[in-house]
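Biologist: Please take a close look at one helix of this model, and then place it in its surroundings. I should like each term explained as it arises.

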2 protein chains.
Amino acid sequence: MRTPASGAIADDGDALRFCSTCAFSSACLSQGYDKSALAELHCLVEHIGPFRPGERIFAEGDPFNAIAAVRAGTVKTSVVDADGREQVHGFFLPGEVIGLGAIHAERYPCNAVALDTVMLCRFSFPMMATLAQRMPGLQGQLFRLLSQDIGKAALMAGDHSADERLAAFLVSLSRRWGERGFSPRRFTLAMARADIGNYLRLASETVSRVLRRLQDDGILAVHGRDVEILDEDRLRALARTVLRD
Amino acid sequence: MRTPASGAIADDGDALRFCSTCAFSSACLSQGYDKSALAELHCLVEHIGPFRPGERIFAEGDPFNAIAAVRAGTVKTSVVDADGREQVHGFFLPGEVIGLGAIHAERYPCNAVALDTVMLCRFSFPMMATLAQRMPGLQGQLFRLLSQDIGKAALMAGDHSADERLAAFLVSLSRRWGERGFSPRRFTLAMARADIGNYLRLASETVSRVLRRLQDDGILAVHGRDVEILDEDRLRALARTVLRD
DNA sequence: CGAGAGTTTGACCGTTTTCAATGCATGTGG
DNA sequence: CCACATGCATTGAAAACGGTCAAACTCTCG
């Protein structure tokens with residue numbers, strides 16, 4: 001991370017590689033800002049973790065003070081409804097930001113748990129907002145991140161068949177892993193079938209069945225949680241109505 | 001609007017009454033700011049409309065330059081998928097803000113149409129962001145608005161029965177009209193059954209049937225688009241799992 | 001090797017959709 | 001003023017998709 005004034009980040013081996021794919025990269029790595037502002041941004045980053053699989057990162061109702069970028073691993077966010085049923089809101093890969101929904105009420109609106117071993121970059125939000133007053137680029141980046149999340153939530157809200165939603169889910173994961181330098185062809189699902197189903201509003205049995213069908217059709221190869229995309233075109237074709245591109 | 005420097009707003013008869021229920025009220029009406037900043041905020045507000053029922057306000061893909069608060073009427077936002085099917089994203093009542101999802105890509109991600117006669121307060125977003133650099137309260141208000149919209153989208157994304165979703169929809173409208181000084185008991189739906197169904201992922205026929213059932217149970221009185229809530233407790237009970245409160 | 005969680009598969013069932021027809025306003029032109 | 005068209009809402013009957021229940025299977029981990 002380009003010799004920041006603070007040593008807190010420089011001593012991290014893969015900092016630069018991670019940071020270049022992080023949602024804050026343009027803010028953190030920007031060349032254009034005055035040195036002192038950039039140093040301040042780096043100062044308010046705190047590396048936390050590792051969180052173990054199943055470990056809670058924050059809980060619904062916790063007072064909000066920070067957003068965090070996922071550094072490694074996968075985070076699941078969810079809420080629990082009046083009847084005690086879980087409702088999965090999303091999965092966050094390295095470089096993606098959690099906690100943005102908490103700004104409004106100054107409380108986290110959902111639970112966040114680590115699905116595997118998770119590392120985070122924690123940013124104090126009040127400090128970040130103050131800094132954004134002096135860094136127009138940082139303010140813009142925050143506006144964009146928030147705006148982007150509005151659209152993300154709307155994506156899976158649509159009315160589509162089980163096949164279409166699951167295909168869209170896999171295409172989305174494939175792209176996101178690909179953008180981060182991992183293979184978009186082969187990846188491992190960090191979450192259980194039940195979590196996927198819950199997120200997509202399907203029974204876990206339906207997830208199994210659709211996965212089987214896609215495998216029988218030669219579109220996927222599935223071994224437990226390892227997925228290989230064999231026919232990207234047909235998978236995209238299925239996902240088309242959901243992802244709209 | 002408290003004798004602003006610009007005459008553009010002062011000449012509007014119900015400005016104060018509207019503004020006090022608008023999402024920007026704390027920013028527009030705030031006492032604490034220095035006068036010049038407040039005057040500048042008022043300068044970048046532009047009153048537009050009226051839009052006629054069915055008239056388009058912005059279209060998906062249009063270059064983004066402004067967000068807008070609904071001043072009067074109801075706005076529907078929607079996208080059209082690859083197969084040409086409409087997908088309703090939301091309905092916006094007076095005081096609510098449209099266009100927030102456009103910041104990210106600098107293009108509107110959806111279509112917005114007037115459902116009845118609509119008036120808007122248009123805010124140039126670039127100018128607003130610049131002003132927010134000097135007005136921490138305005139920056140915070142924008143962050144909160146954006147953050148709030150993330151949660152809104154997640155609400156209707158859940159997996160619930162037709163009765164629960166429709167009940168939640170009605171409770172939500174009731175609250176929102178109530179917060180704006182209208183009756184939370186009786187109100188008129190600005191949108192067609194097909195739009196409600198599309199928004200809730202139900203066939204319009206199902207909307208009719210559920211409405212009928214709620215009426216037969218003495219929970220509602222429905223006459224075309226006029227709705228009267230007869231048993232708020234039971235309606236809320238139905239909506240409980242969706243709205244989680 | 002056994003325990004237990006997670007996954008897969010099958011059979012059946014129920015809610016919601018689809019298709020189709022009818023009803024009900026509103027508006028227009030003859 | 002009436003006949004008719006049009007758009008929206010309602011209602012009924014049948015079909016489908018996905019859910020639920022139950023059992024077998026697989027994998028990992030102590």
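Modeller: The account below starts with one helix and then moves outward to the rest of the model.

The model is predicted: local features need pLDDT of at least 70, side-chain atom pairs count only at pLDDT 80 or more, and totals for chains, interfaces and linings use all residues. Residues are numbered from 1 along each chain as its sequence is written, while chains are lettered from A and ligands numbered from 1 in the order in which they are written.

The part chosen is helix 10 of chain B, residues 232–243. Helices (H or I, at least four residues) and strands (E, at least two) are DSSP runs, numbered from the N terminus. Between its end C-alpha atoms helix 10 of chain B spans only 14 Å, where a straight helix of 12 residues would span 16 Å at 1.5 Å a residue. That expected span is 1.5 Å times one less than the number of residues. After helix 10 of chain B comes B:Arg244, with a positive phi near 55°.

The buried residues of helix 10 of chain B are B:Leu235, B:Leu238, B:Ala239, B:Thr241 and B:Val242. They line one face of the helix, because seen down its axis they fall within an arc of 145°; the arc is that of the directions from the helix axis to the C-beta atoms. A residue is buried if 20 or more other C-beta atoms lie within 10 Å of its own, exposed if 12 or fewer, and partly exposed in between, with C-beta atoms placed from the backbone. An α-helix has 3.6 residues a turn, so residues three or four places apart point the same way. The buried residues of helix 10 of chain B pack against helix 6, helix 7 (162–179) and strand 11 (226–229) of that chain.

The helix also takes part in the contact between the chains. Chain B and chain A give 36 residues each to that contact; two residues are in contact if their C-beta atoms, placed from the backbone, lie within 7 Å. On the side of chain B that touches chain A, strand 5 (86–92), helix 5 (125–134), helix 6 (136–155) and helix 10 each give two or more residues. Helix 6 of chain B gives the most, with 14 residues. By class, this side of chain B holds 16 nonpolar, 12 polar and eight charged residues. Here Ala, Val, Leu, Ile, Met, Phe, Trp, Tyr, Cys and Pro count as nonpolar, Asp, Glu, Lys and Arg as charged, and the others, Gly among them, as polar.

Elsewhere in chain B, B:Leu200 lies in helix 8. B:Leu200 counts as buried because it has 22 C-beta neighbours inside 10 Å. B:Leu200 and B:Arg165 are 35 residues apart in sequence, yet 6.6 Å apart in space, C-alpha to C-alpha.

Helix 8 (193–200) of chain B, together with helix 9 of chain A and helix 9 of chain B, supplies at least two residues of the surface near DNA strand D. A residue is near a strand if its C-beta atom, placed from the backbone, lies within 6 Å of it. Helix 9 of chain B provides the largest share of that surface, six residues. Of the 20 residues around DNA strand D, those that come nearest are A:Ser161, A:Thr206, B:Ala192, B:Arg193 and B:Ser208.
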